[in-house]
Amino acid sequence: MKVGVLGIGKTPHKIQHDKSLQDLAVEAGRKAMNDAGVSPQDIQMLYVGNVGSVGFNYENSTGLMVAHHLGVVPAGAVRVEAACGTGAWALHLGCVAIASGLYDTVMVLGCEKMNDLATVEGTSIIAQAADSKEEYFSGLTFPSGTALTARKYMQTYGVSEEDLAHTSVKNHYYGARNPSAHLRFECTVDEVMKSAKVADPLKLYEVCPMTDAASALVLCRPEILEAQANKPQVFITATSMGSGTWYQASDTLDDAYNLFARPVERAYEMAGIGPDDVDVAEIYNSFAIQEPLGIEGLGFAERGDGWKGAEDGSTWLDGTIAINPSGGLLCKGHPLGATGSTQAVDIVEQLRGTAPEGMLRKDAEIGISACRGGPGSVGAIHIYQREG
């Protein structure tokens, strides 16, 4: 499979009371079209990833709304929803649309505006991405459910809270250098340990913020990009999706591992590479424990060892593989529908060599994004390669 990335765009990731959901989507979409050098009339299909506009913004039919305000009418437009994996699922559909030969040029856009409601209202909407009647109304939230996973990991592999705190230290080091990140400050292991408990053993610096943002990509047939030698030659060479468990209370470490391990096996085969070939990765980490779990599921470390790279430096920018040089969700924030598309934009910036100073993996040729959603329900893998 080979799909060209013709253009990318994203808004700042932060609380944005001065902009509507429509404003964010249009800003990211126009940036992507300008970067691609195309007009709205060139977009033949629009896939809009959005999780909660009905609850967060009192708006529905988000895909159609974005199509109108971006000016891509009469192109087809549809809203895509798959919990926190929504943006990655929209990207998958865009890749399939190009790879099938049905379209020449499509846009994938993720958007979410979460901060116009009180936190308790926002978290209630987020809880609907799981079995809210069975778990949320019984007191099990996403933080507390993930805390159970963290506790299982610590007990199974003999890992301490201090060991896991290095993941937040690494992410915040790079988040402080990311001009688009929601949280921009460095922290130490001691500061992570002293930050407020959210759900034992998870602490505040190990949890992502709720964020307003949008991001977009213009995808095309490979021949279209190859004919423009002045443009960065970055292609998506694998897209692989999977599903998993629906309940955090009974989610096992095997379930968490397989959420990425199964689809990434297909992705590596599709791209004709292995984990040792990857230079840079963006791995979902709305909670810090999900980063080592993702590292292991993608084959970058043995099970139980995924946390070690943040401590010994092997997953830092100049390590064996750069993991989350953007600061990850811990610093960028987690704008549900835009998270997967922002991961893609960040990897493309790495392969183009245009990522901001201090978070650029030099000479990166192969990147991967891994997004998850729901209690453990969505695993979404994309592989990117630079040519020339």
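Me: Which residues are in contact with His13, leaving aside its neighbours within four places in sequence?
Reply: They are Ser180, Ala181, His182, Thr211, Asp212, Ala213, Ala214, Lys332, Pro335 and Thr342. Contact means heavy atoms within 4.5 Å. This is a predicted model, where local features need pLDDT of at least 70 and side-chain atom pairs pLDDT 80 or more, while totals for chains, interfaces and linings use all residues. Residues are numbered from 1 along each chain as its sequence is written, and side-chain values use heavy atoms, without hydrogens and water.

Me: Is His13 called buried or exposed, and why?
Reply: His13 has a relative accessible area of 2%. Buried means under 20%, exposed over 50%, and partly exposed in between, with a 1.4 Å probe and protein chains only, so His13 counts as buried.

Me: And where does His13 sit?
Reply: His13 is in the loop that joins strand β1 (3-10) to helix α1 (21-36). Helices here are DSSP runs of H or I with at least four residues, and strands are runs of E with at least two, numbered from the N terminus.

Me: What makes a group of residues the largest nonpolar core, and which members touch the most others?
Reply: A nonpolar core joins buried Ala, Val, Leu, Ile, Met, Phe, Trp, Tyr and Cys residues through side-chain atoms within 4.5 Å. This one has 35 residues, and Phe56, Ile126, Tyr153, Leu164, Ile289 and Leu336 touch the most other members. Two or more residues come from each of α5, α6 and α10 (253-271), with α6 giving the most, five residues. Ile289, for instance, is in contact with Thr146, Ala150, Tyr153, Leu164 and Leu202, leaving aside neighbours within four places.

Me: Which residues lie nearest the centre of the largest pocket?
Reply: Ile126, Pro143, Val207, Cys208 and Phe287 do, out of 31 lining residues. A pocket is an open set of points on a 1 Å grid over the protein atoms alone, with protein on both sides within 12 Å along at least five of seven lines, and lining residues have an atom within 4 Å of a point. Its space is about 570 Å³. Both α5 (119-127) and α6 (142-157) supply at least two lining residues.

Me: How many residues of that lining are called nonpolar?
Reply: The split is 21 nonpolar, nine polar and one charged. Asp, Glu, Lys and Arg count as charged; Ala, Val, Leu, Ile, Met, Phe, Trp, Tyr, Cys and Pro as nonpolar; the others, Gly among them, as polar.

Me: What makes up the lining of the second largest pocket?
Reply: Six nonpolar, six polar and four charged residues, with helix α12 (308-312) giving the most, three.

Definitions and conventions:
On a 1 Å grid over the protein atoms alone, a cavity is a set of points where a 1.4 Å probe fits but cannot get out, and a pocket is an open set with protein on both sides within 12 Å along at least five of seven lines; lining residues have an atom within 4 Å of a point. Grid points are joined across faces, edges and corners, and a volume is the space filled by probe spheres set on the points.
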